[in-house]
Amino acid sequence: MTAPIIRIDNIVKKYGPLTVLDGLSMNVMPGEKLALIGPSGSGKTTILRILMTLESISGGHIEIDGEQLYHMPRGKELVPADERHLHRMREKIGMVFQHFNLFPHKCVLDNVTLAPMLTKGIKRADAQKRAMELLDMVGMADKAKSVPAQLSGGQKQRVAIARALALSPKIMLFDEVTSALDPELVEEVLSVMKHLASETDMTMLLVTHEMGFAHDFADRVLFFDRGKIVEEGSPNDIFRNPTQERTQTFLRKIIAAGHRI
Ligand SMILES: Nc1ncnc2c1ncn2[C@@H]1O[C@H](COP(=O)(O)OP(=O)(O)OP(=O)(O)O)[C@@H](O)[C@H]1O
């Protein structure tokens with residue numbers, strides 16, 4: 001039987017007195033496309049940041065691609081252990097953030113080639129060849145020499161996706177990648193992600209407030225509330241026949257606000 005590529009076991013995350021994740025457990029199978037939905041502040045972004053080793057945890061275990069994400073105590077927290085381990089684990093995962101996080105003074109091509117050259121020692125010419133393929137895939141090859149300030153939000157986000165893909169991760173994390181975009185630019189980013197979801201066997205975790213997209217994109221939807229997974233199932237289960245009251249209330253509010261599901 002295939003093993004999960006991500007095992008999250010009983011994760012607790014606290015910020016001071018605030019418990020953000022409250023004994024969260026979930027498994028993700030290789031190639032699965034998951035949508036994480038739920039109210040603001042329910043801990044969706046936090047779990048992505050923990051997987052990306054950008055956050056400490058307050059308890060629990062994580063295994064990624066058969067390897068434990070080692071933590072060691074620091075004060076009341078558990079922080080990811082040594083740099084080399086961290087580095088190796090980070091190579092397995094790419095993340096795309098809400099606010100792009102591109103290097104502002106580097107051109108698009110350099111934004112995509114920098115990490116492979118620095119962290120994997122890939123030669124410039126090889127990194128550039130791969131970067132141009134990725135930029136082509138996201139429809140940004142003709143902007144390779146532009147700097148981020150010359151691009152629209154949608155274009156920046158497509159470059160950010162190419163940059164995350166340049167390290168050939170097995171897992172991609174998308175954190176509200178369309179939330180900072182003007183409405184007319186959302187579709188171009190979603191269509192790149194739909195293409196990735198249908199054409200690759202990468203494991204993809206998506207935090208989103210775009211319920212229509214979550215429905216179309218995901219194999220499985222997880223509904224978060226107050227640091228726990230309250231309900232999970234196929235998009236049809238969650239969006240058409242939610243069984244938990246908290247899920248029903250959340251979706252009713254989304255529909256009342258005029259959003260498509
Ligand atoms: N660095 C931090 N310090 C203190 N509290 C934090 C920090 N980061 C997040 N939080 C708190 O943790 C809780 C969970 O935040 P998180 O961003 O994971 O929620 P979310 O479900 O992704 O919400 P949203 O949909 O609004 O992005 C929130 O109450 C937030 O204010």
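**Questions on a predicted model**

Q: Where is Asp 65 found, and what makes its backbone worth a remark?
A: In this predicted model, Asp 65 lies in the loop between β4 (59–64) and β5 (67–68). Its phi is positive, about 50°, although Asp 65 is not a glycine. Most residues other than glycine have a negative phi.

Q: Why is Asp 65 called partly exposed?
A: Asp 65 has 16 other C-beta atoms within 10 Å. A residue is buried with 20 or more such atoms and exposed with 12 or fewer. The value for Asp 65 falls in between, so Asp 65 is partly exposed.

Q: Which sign does the phi of Glu 176 have, and where is this residue?
A: Glu 176 has a positive phi of about 45° although it is not a glycine. Glu 176 belongs to the loop between β9 (171–175) and α6.

Q: What makes Glu 176 partly exposed rather than buried?
A: Within 10 Å of Glu 176 there are 19 other C-beta atoms. Burial calls for 20 or more, and exposure for 12 or fewer. Glu 176 meets neither condition, and is therefore partly exposed.

Q: How do you know that Val 159 is buried?
A: Val 159 has 27 other C-beta atoms within 10 Å. The cut-off for a buried residue is 20 or more, so Val 159 is buried. This residue is in helix α5.

Q: Which residues does Val 159 touch, setting aside those up to four places away in sequence?
A: Val 159 touches Leu 102, Val 108, Asn 111, Val 112, Met 140 and Leu 151. As for Gly 139, 20 residues apart from Val 159 along the chain, the two C-alpha atoms are separated by 9.1 Å.

Q: Why are α3 and α5 called roughly parallel?
A: The axes of helix α3 (residues 108–120) and α5 come within 8 Å and cross at roughly 25°. Angles under 35 degrees count as roughly parallel, and α3 and α5 are therefore roughly parallel to each other. Their crossing is right-handed. Val 108, Asn 111 and Val 112 of α3 form the contact with Val 159, Ala 162 and Arg 163 of α5. Four of these residues are nonpolar, one is polar and one is charged.

Q: What makes α5 and α6 roughly parallel?
A: Helix α5 (residues 153–165) and helix α6 (residues 183–199) have axes that come within 8 Å and cross at roughly 15°. This angle is set against the limit of under 35 degrees, so α5 and α6 are roughly parallel to each other. The crossing of α5 and α6 is right-handed. On the α5 side the contact is made by Gly 153, Gly 154, Gln 157, Arg 158 and Ile 161, and on the α6 side by Leu 185, Glu 188, Val 189 and Val 192. The contact comprises four nonpolar, three polar and two charged residues.

Q: Why are α3 and α4 called oblique?
A: Helix α4 (residues 124–137) packs on α3 at an angle of about 125°, with the axes 9 Å apart. Roughly perpendicular covers 65 to 115 degrees, and roughly antiparallel requires over 145. The angle of α3 and α4 fits neither class, so the two helices are oblique to each other. This crossing is right-handed. Val 108, Leu 109, Val 112, Thr 113, Pro 116 and Met 117 in α3 meet Arg 124, Ala 127, Gln 128, Ala 131, Leu 134 and Leu 135 in α4. By class, the contact of α3 with α4 has nine nonpolar, two polar and one charged residue.

Q: What makes Ile 254 partly exposed?
A: Ile 254 has 17 C-beta neighbours inside 10 Å. The class lies between 12 or fewer, for exposed, and 20 or more, for buried; Ile 254 therefore counts as partly exposed. Ile 254 is placed in helix α9 (residues 245–256). Leaving aside neighbours within four places in sequence, Ile 254 is in contact with Met 211, His 259 and Ile 261. Ile 254 and Asn 111 are 36 Å apart, C-alpha to C-alpha.

Q: How do you know that the radius of gyration of the protein chain agrees with that of a compact globule?
A: For 261 residues a compact globule would have a radius of gyration near 18 Å, and the protein chain has 18 Å, so the two agree. The C-alpha trace spans about 55 × 45 × 40 Å along its principal axes. The protein chain has nine helices and twelve strands, and 38% of its 261 residues are buried.

Technical notes. Residues numbered from 1 in each chain as written. Predicted model: local features only at pLDDT ≥ 70, side-chain atom pairs only at ≥ 80, totals over all residues. Axes fitted to C-alpha atoms, helices over the stretch in contact; angles between N-to-C directions. Helix = DSSP H or I, 4+ residues; strand = E, 2+ residues; numbered from the N terminus. Left-handed = near helix turned anticlockwise from the far one by under 90°. Contact = placed C-beta atoms within 7 Å. Nonpolar A, V, L, I, M, F, W, Y, C, P; charged D, E, K, R; others polar. Rg over C-alpha atoms; globule rule 2.2 N^0.38 Å.
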